[in-house]
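Trainee: I'd like to know how labels like "buried" or "donor" get handed out. Can we walk through a few?

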Amino acid sequence: MQIERAVCVRVRDGLHARPATQFVKLAKSFQSDIEIVRDGQGVNAKSSVKLMLLGIKENDELVLRASGEDAATAMDALSRFMETPDAGLDVGAPDAHASAAPSQETRPPKPSLSEEPRGIPASEGTALGPVHHFFHDPLKVERRQVHPDQIEAEILRYEEAVARTALVLAEERKRADLKPEDLQIINALIDVAHDAELVGQVKGRIGSGEDAVYATLAAGDDLARSFEAMSDPYIRARAEDIRGITRNVALTLLGRREATLADVAEGAIIVAEEISAWDFAKAPIGRIAGLLCTKGSSTSHIAIMARTHGLPAVLGYPGSVEALRRAKTAAIDGHTGEVVLDPSEWVVATFRARIDKEAEARAQLARYSHMEPRTRDGTLIEVAANLGSLSEIDAALKAGAMGVGLFRTELLFMERKVLPTEDEQADIYTELARAFAPHPVIVRTLDIGGDKPIAGIDFPEEANPFLGWRGIRMCLDRLDIFRPQLKALLRAATVGNIKIMVPMISDVSELKAVKALLDECRMELRNQGIPYGDAELGVMMETPAAALGADELAAEADFFSIGTNDLTQYIMAADRLNARLVNLNRADHPAVMKAIDLICQAAKGGGIWVGICGEAAAREDLIPEFVRMGVTELSMSPASIPRAKKRIIEL
Ligand code: PEP
Ligand code: MG
């Protein structure tokens with residue numbers, strides 16, 4: 001069966017690297033041949049390389065073509081992807097503690113410390129130390145003519161080298177110190193190694209008589225150049241991945257190994273022309289003080305990785321490679337792009353002063369992060385984190401989160417083509433619970449509606465999705481989705497600190513239905529011989545009905561957590577996404593504050609605790625009022641935690 005469908009691309013900023021990779025992953029999950037047709041030309045949709053080179057932009061009109069048995073399902077999923085603004089994007093909050101990409105505009109003017117040229121500031125922070133040279137000497141390869149009889153064997157040799165290269169990378173994924181971002185990059189490299197376009201070009205060259213090593217490097221170089229010619233900096237930066245991968249495949253074919261960063265001395269600055277994500281993934285990151293490269297930009301994978309690990313980095317350094325090769329020590333400032341090779345005593349002293357100042361600022365923050373947030377009268381207010389994925393755990397712990405006050409589970413469901421299984425969810429919730437134990441971890445059950453469709457759930461067209469079939473309403477109708485989530489949560493509850501929270505409750509019968517379902521899930525787990533634990537059940541207070549009926553809910557619930565974002569939009573009847581209504585969408589409006597007070601009084605009457613997990617929880621001006629009303633937990637994005645703790649301590 002062949003199907004064609006015209007789509008208009010709604011993916012925000014188009015199909016740059018990350019959405020393109022996700023789109024290809026989705027395409028590959030179908031048996032059908034899939035093509036993207038633009039201007040009458042069809043391109044294999046299972047090749048990220050090809051797809052990125054198409055440079056698909058937001059609002060582009062394309063035709064998707066699928067032929068095969070699962071063409072219809074593929075078409076639905078792929079066109080939905082193209083029409084979803086956040087598709088393939090990491091919508092989680094950025095790591096509050098990872099270095100940021102310093103912006104040129106906000107860069108404070110600093111006197112230049114040397115006549116040496118500046119590089120691109122790619123990851124904040126100052127570093128000073130001995131240089132670790134990491135220069136790959138060029139692979140000089142002579143083209144060898146392959147006899148037609150040998151072509152098949154040569155292709156086989158190439159395929160084996162690709163498989164071995166991918167295997168070495170796959171081994172890297174097992175390293176304990178890998179961050180989720182590193183894992184994503186390693187996966188992207190493995191994808192490039194197997195990419196249909198790259199593999200096709202290499203095989204084509206071998207087919208015309210080139211030897212495998214030459215063909216691999218030449219095809220890699222060709223493709224990398226096409227990437228370098230693209231206007232999108234994210235796509236341009238992918239040239240490094242192609243060069244890195246093809247070089248490694250060529251070395252494997254030659255039976256050689258690449259120099260590694262494994263023997264970097266403590267506190268060294270790695271100086272190189274470029275550092276591939278491949279090399280960096282294998283480096284002892286804890287020993288590295290900073291990175292200085294002549295190539296790369298703030299959107300290179302290496303820059304992203306440096307920021308994730310909080311490592312100062314200057315990339316795209318325009319100075320001479322020879323000077324870098326001669327340098328013994330270096331000072332770099334990842335905020336300004338300044339670089340001083342073999343710095344004088346005066347420069348060393350200046351950089352030391354900068355490093356000390358940065359450390360002091362960090363220490364100040366850390367001091368608040370880990371203080372116990374007690375008011376002057378001794379009341380402890382727990383300050384927890386709002387998270388959307390496991391990759392944010394470290395940032396939350398560093399910021400001093402006393403557990404998780406809201407884990408939004410939507411991301412787990414939105415990023416996939418198929419719904420996550422009970423086992424997968426149990427692993428994720430268990431990891432989360434262990435990371436914060438003994439502090440509580442409040443997981444909100446799936447809160448999704450027609451405004452954020454997910455593959456695997458057919459949402460009806462609704463005139464008012466925010467007032468529609470969403471959150472608990474959808475879950476209670478789709479027990480095939482809800483039951484596995486509840487069972488996974490009960491399984492993770494063996495850690496001892498999981499609490500379950502239900503969103504969009506407007507009637508006590510919904511809460512009672514969840515309780516009954518939890519009883520059934522416990523019974524099923526018992527019958528299956530699967531261990532499970534106890535978990536408190538709370539209500540996310542975010543509808544006017546819940547606020548007005550809070551007394552009745554308090555009699556059934558173990559705790560309340562006020563979702564001020566939705567509570568405000570529903571109390572004020574003002575769509576929270578409508579920019580024209582910002583003046584109405586105020587959590588500090590007396591009507592909203594009255595509703596919050598009502599909820600707090602009901603919690604007190606019912607003998608349960610109450611927290612706030614909407615954005616208002618972090619508002620310094622409202623915290624005193626919330627505490628006065630009886631709120632004992634505030635949950636917010638990790639970056640806001642130290643400031644909130646300071647505010648509480650001052651009360
Ligand atoms: C809220 O509604 O206040 C809330 C925290 O949930 P979300 O923003 O995910 O709707
Ligand atoms: Mg909400």
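Mentor: Sure. Buried means under 20% relative accessible area. Keep in mind that this is a predicted model.

Trainee: So why is Ile-151 called buried?

Mentor: Ile-151 has a relative accessible area of 16%, and the cut-off is under 20%, so Ile-151 counts as buried. Ile-151 lies in helix H4, residues 151-172.

Trainee: What is Ile-151 in contact with, leaving aside neighbours within four places in sequence?

Mentor: Val-146, Ile-206, Gly-207 and Gly-209. Contact here means heavy atoms within 4.5 Å.

Trainee: How far apart are Ile-151 and Ala-212 in sequence and in space?

Mentor: They are 61 residues apart in sequence and 9.3 Å apart in space, C-alpha to C-alpha.

Trainee: Now the magnesium ion, ligand 2. What makes Glu-542 and Asp-566 its protein donors?

Mentor: Glu-542 (OE) and Asp-566 (OD) lie 2.1 to 2.2 Å from the ion. The limit for O atoms is within 2.8 Å of the metal, so the two qualify as donors.

Trainee: Why do you say the pair ties together separate parts of the chain?

Mentor: Because Glu-542 lies in the loop between strand S16 (536-541) and helix H19 (544-548), while Asp-566 is in helix H21 (residues 564-571); those parts are 24 residues apart in sequence.

Trainee: Are the donors buried or exposed?

Mentor: Glu-542 has a relative accessible area of 1% and Asp-566 has 8%. Against the cut-off of under 20%, Glu-542 is buried, and Asp-566 is buried too.

Trainee: How much of the chain is buried?

Mentor: Buried residues make up 53% of the 651 residues.

How values were computed
Residues numbered from 1 in each chain as written. Chains lettered and ligands numbered in written order. Predicted model: local features only at pLDDT ≥ 70, side-chain atom pairs only at ≥ 80, totals over all residues. Heavy atoms only, no water. Donors = N, O, S within 2.8 Å, 3.2 Å for Na, K, Ca; no water. Helix = DSSP H or I, 4+ residues; strand = E, 2+ residues; numbered from the N terminus. Buried < 20%, exposed > 50% of the residue type's maximum accessible area, 1.4 Å probe, protein only.
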